[in-house]
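Hi,

Here's the structure I promised to pass along. Have a look, and my notes are underneath.

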Amino acid sequence: MMESDQVKKAEESKTRGLVDIVFSWSFHDALNKNIYMGKVNKIPTTFFSVEEYKKSFMNPLIEETHADLLSNIMKVNHAPLFEIVDINMSEGFKPPRDLFYDIVLRKIGRKNENEENDELQMFDLIALTDIRPRYVADLNRPNWPYTIASVEGKSTTVNKVKIYEILSSKPIMLENLGKGGSKRVNLFSVHLTNLNTNIRIWKALNWRAANINIVRNLLQSDSTAGLSCSKCDVQEINSSISTKYGETIGSFKLDDSQEAAVVSCVATSRCFHHHSVKLLWGPPGTGKTKTVASLLFMLLRMKCRTLTCAPTNIAVVGVANRLMSLVREASVYGTYGLGDIVLFGNVVKMKIDDHKDLRDIFLTNRVLCYRIFLSPFTGWRSRVESIICLLEDPKKQYRMHLNGLDKEVAFLPPHKRLSDIWEKESDDDDSTGMGGELSESILTYEEFLNEKFSSVGKSLMACIENMYTHLPSSFISVEVAKKMIRVVELLQTIESLMRSGSPPFEGLDGFEDAGEMERRLLYGPVITCIELLKELRATVSVPNLKNKTQIRNFCLQNATLIFCTASSSIKLHSYAKPPMEMLVIDEAAQLKECESTIPLQLTGLRHAVLIGDEKQLPAMVQSKISAKADFGRSLYERLVHVGHKKHLLKVQYRMHPSISLFPNKQFYDNMILDGFNVKKKTHEKHLLEGKMFGTFSFINVPYGNEEFDNNHSLRNMAEVCVIAEIVARLFEESMLRKQRVSVGCISPYKAQVYAIQDKLGTKYRAGSNNSFSVSVSSVDGFQGSEADVIIISTVRSNANGTVGFLSNLQRANVALTRARHCLWILGNGSTLVNSGSVWKKLVIDAKSRACFYNVQEDKKLALALAGCLIEIGQLDSLVARSLLFPEGKWKVFLGEVFLKSMSTIKNEKVCSQVLSLLMRIANGLRMPREDQTISVMHVDVTLFQLSKNVARRILHLIWIVDVIKEDGNWVQVVKVLDVLPEYKIPELKQNLKILFEKYTTELKNRCNHRCIEGDTVLPMTWRMQSNVATKAVTYSPDQSQSIASQLAALSLGNNTDKATQSNRDAFLPKTWPMQSNVATKAETRSPDQSESIASQVAGLRLGNETEKATQRGEEQDALYCKFVSGGFL
């Protein structure tokens, strides 16, 4: 007992080591990001001793812990907040060091979707404050200095109240909290971070008596840990494996590289002479998980006790799911044998409820099943006795029921009186003399028999199924399992016969009187069932386990395969026997090397297999200081760096060849082959029309601005808008074609991820539509996942080619290798080329393969993007580049007032229709007249023919033809002035009439000249050769500005409606040209012969569904176009 206490104290001391360091930081220390600057050395690639090896990780771990704490302190206003409703000293309270308190909490704010965030977890670090903190400084106030605490252990429940034990960094003055009769001071708990993983690593780095055999072999670059054992006959072992397990391995349908990896690892497990580490290299799509699952299935068959780890709960679930599919496919006796497999971890993070196949192996569920069949009253032994007694002599059981001795079947109202059913020849006095009231409430014999058998039988069947499912195969042999399964089948048959309306079963005593058919159909199964039950009762020995802890320990100690995270594997260090023989780490390149020391030091461990790809992203590290010290480097990456041999899985089965082409060449030196499946024509999907949406394309979006959000992460709203349009079209096509499509929208920047999520809303979330799903994630978060279509938003858009961590090769590799059928990359091609990074190579590659497209090549994308840029106020991006009119025949100037008015129209459909109209104007397309148009000089005649509709439900697009000076010429251009509601048109007419009277006659003639080719009106160009032009210079620019100033008073942007006032702030001054291509045409017509094009008005009519918006004074937010004037369009 003393030795056990010493061990416990030693473990607590290791835990407290890191916690004490955290507690030692003052508030100033916690906020000092450079507190460990110069104290963290770069972690070497080789080591002279195990002590040096472990010590090299300690300071980087402390610095990483500090950086994590600092990051969360800076976000304290968003942290989960609890009110401490009660606090007392706990039994372990021993100042000055052991400041343990028991607290009761109440969550403040709305419940989180993740219930785990509504409760404290073990080793959560919390700040204690006397106010609700809104600012960082609130954690350190004069009356309440900086105080933090660590949650020690899990919560306990007393009278339905959860009590947490915390260890505080400072004494808490309970008298100030109303404990001594004084006025109560409120106390709050703010969740900062969780130290659990870092504490576990700290423990592993401080173990003195751990198994260091494998670790010792990994210190030097000349390590032989991965080579074959010189004492083992490899050829003989491989031959033996092929003979004994060849058929099983063949059933996995592995390719040559996958099968070679499995056989090699299985052969290694048979070696008992030395300790080794094997590296399996699994590039994207090469069947890494399939290979790991096949290896684990073989180790399960061989009864080789193996621990399978991964960095995250999700990764653990992924490989466990794949193994379970193999196990169930190969199962002959249902769920028998699953007791040899255990999965444990965080039930919320693993999402066990979403994985039906994993429920039978999840440890928490298994413990509950054990408690059922081990129960002394309702468990295996009790139910076996009950069913045997019932089948052998049901009449006796019924008489006991009549005497009120039976406690298991409830009294139900009878369908008939007892006297009508019970045989009168019964001589048992106990069955007679009962009052009428009692007989009314007692079951008839048939009812009793059916109810009793159903109750006890179903309970026994559940016990039996739980036993052969959850007990390890060392306790339940195959023969016993077969007999158990047979008993379940017999019980189901007997119950069916009893309920079929046959004569009541009278037990074995009635066998002699039964007919031949009855003997065969009913008594045969009954007799066989009784015999099997008696045999099982005598031979099956269930473990004597008293509580949950004993059951957990039993399951873990007797499992052949165990699944958990690398961090959680620390729980297995309590079980020295039987030892783990093999360690398999999936996604090993994403696991910090210091964290891998937790499972590597398990007692008895002989071999380890690391599966990963160092070309993909490593573990995330918050501290820049620790990152520079290579704290995020994995053991896998270090071993590759020092020359450790690795086995390559060389065939990829995910990406269409046009997608895999670039990453294979750039990251894997063309070593990866395309699988047969991705070469099939069926793997090539055309989900949207147009070459832009082929299997691989780069879509150039130069119109966006990169900008920081509140959390100092970058976003690009132009790319967000393009993604939203593409996803909407994919959804429409998916519904139309009834196709299943999964879409992944990924970006390196969190701000961009949030912006995309906000734009898409909840319409495409998984579950809302089973055939179409969209997942929006960071590149880092999407590692390990895949989708039919991947849309990458690169975000960066600047002139100097700065791309930041986008240039990281591992991040680029992950982003480019997630797609199955289509990969569409959005970015500013110029920025990426100027970056000189891998993205420059990608853009050049896309151009060389004719897979480079400008976003404006797709008119729908161009319109959506233009509308979005107007909506978000990025008007400079719209007007400074040729987005709307890349090939327009007319140069179009968008006025300040027009852009301001457009920014107030929030209805995307209306914006799209306005922009469509502008595109037609820019192309000079004509439309048959519906109303008369008139030249500038005749504004007063019939410029506007007012609609008879309600004035507030009409919008008009106001634009003119003017001339400008360009390269010694006068050139006709279009100037767009505004979008106005119809009730402002009369005032506009008067203003325009006054202004246009100031135009010279020659200027008016130039404006009214028409050059027509078919249905197209082209801009005119004249050489400057007369003083008339000078007059035009005098008037034209001034008049356009004057017009703009006059329109400003009428603009939508100056509407005084409160409902839209807040949306009218974003606009840019002056007028900007949209493009510069102007052609001189010879075919002209005189002003008298041509139709006047000096001024045009296009009406935009409201749809019926916008009446409610109109009534709120928001008519400009929900409009639909209808052209009511003529001219060229």
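**Salt bridges and one helix**

The count comes to 32 salt bridges in total. Bear in mind that this is a predicted model.

One of them pairs D630 with K42, N to O at 2.9 Å. D630 sits in the loop between helix 22 and helix 23, and K42 in the loop between helix 2 and helix 3, so this contact ties together parts 588 residues apart in sequence. At 24% relative accessibility D630 is partly exposed, while K42, at 54%, counts as exposed.

Then there's D130 with R141, where the closest N and O atoms are 3.1 Å apart. Both residues are in the loop between strand 3 and strand 4, so the pair joins parts eleven residues apart. D130 is buried at 14% relative accessibility; R141 comes out partly exposed at 25%.

R606 and E581 make another salt bridge, at 2.8 Å between the closest N and O atoms. R606 is in the loop between helix 21 and strand 13, and E581 is in the loop between strand 11 and strand 12, 25 residues apart. R606 is buried, with a relative accessible area of 11%.

There's also a network of salt bridges linking R654, E786, D788 and R820.

On to helix 26, residues 717–737. At 1.5 Å a residue, its 21 residues should span 30 Å, and the end C-alpha atoms are indeed 30 Å apart, so the two agree. N716 caps the N-terminal end, with a side-chain oxygen 3.1 Å from the backbone nitrogen of A718. After helix 26 comes K738, which has a positive phi, near 55 degrees.

Cheers

Key:
Residues numbered from 1 in each chain as written. Predicted model: local features only at pLDDT ≥ 70, side-chain atom pairs only at ≥ 80, totals over all residues. Heavy atoms only, no water. Helix = DSSP H or I, 4+ residues; strand = E, 2+ residues; numbered from the N terminus. Expected span 1.5 Å × (residues − 1). Polar contact = N/O pair within 3.5 Å; in protein donor to acceptor, adjacent residues only side chain to side chain. Salt bridge = Lys/Arg side-chain N within 4 Å of Asp/Glu carboxyl O. Buried < 20%, exposed > 50% of the residue type's maximum accessible area, 1.4 Å probe, protein only.
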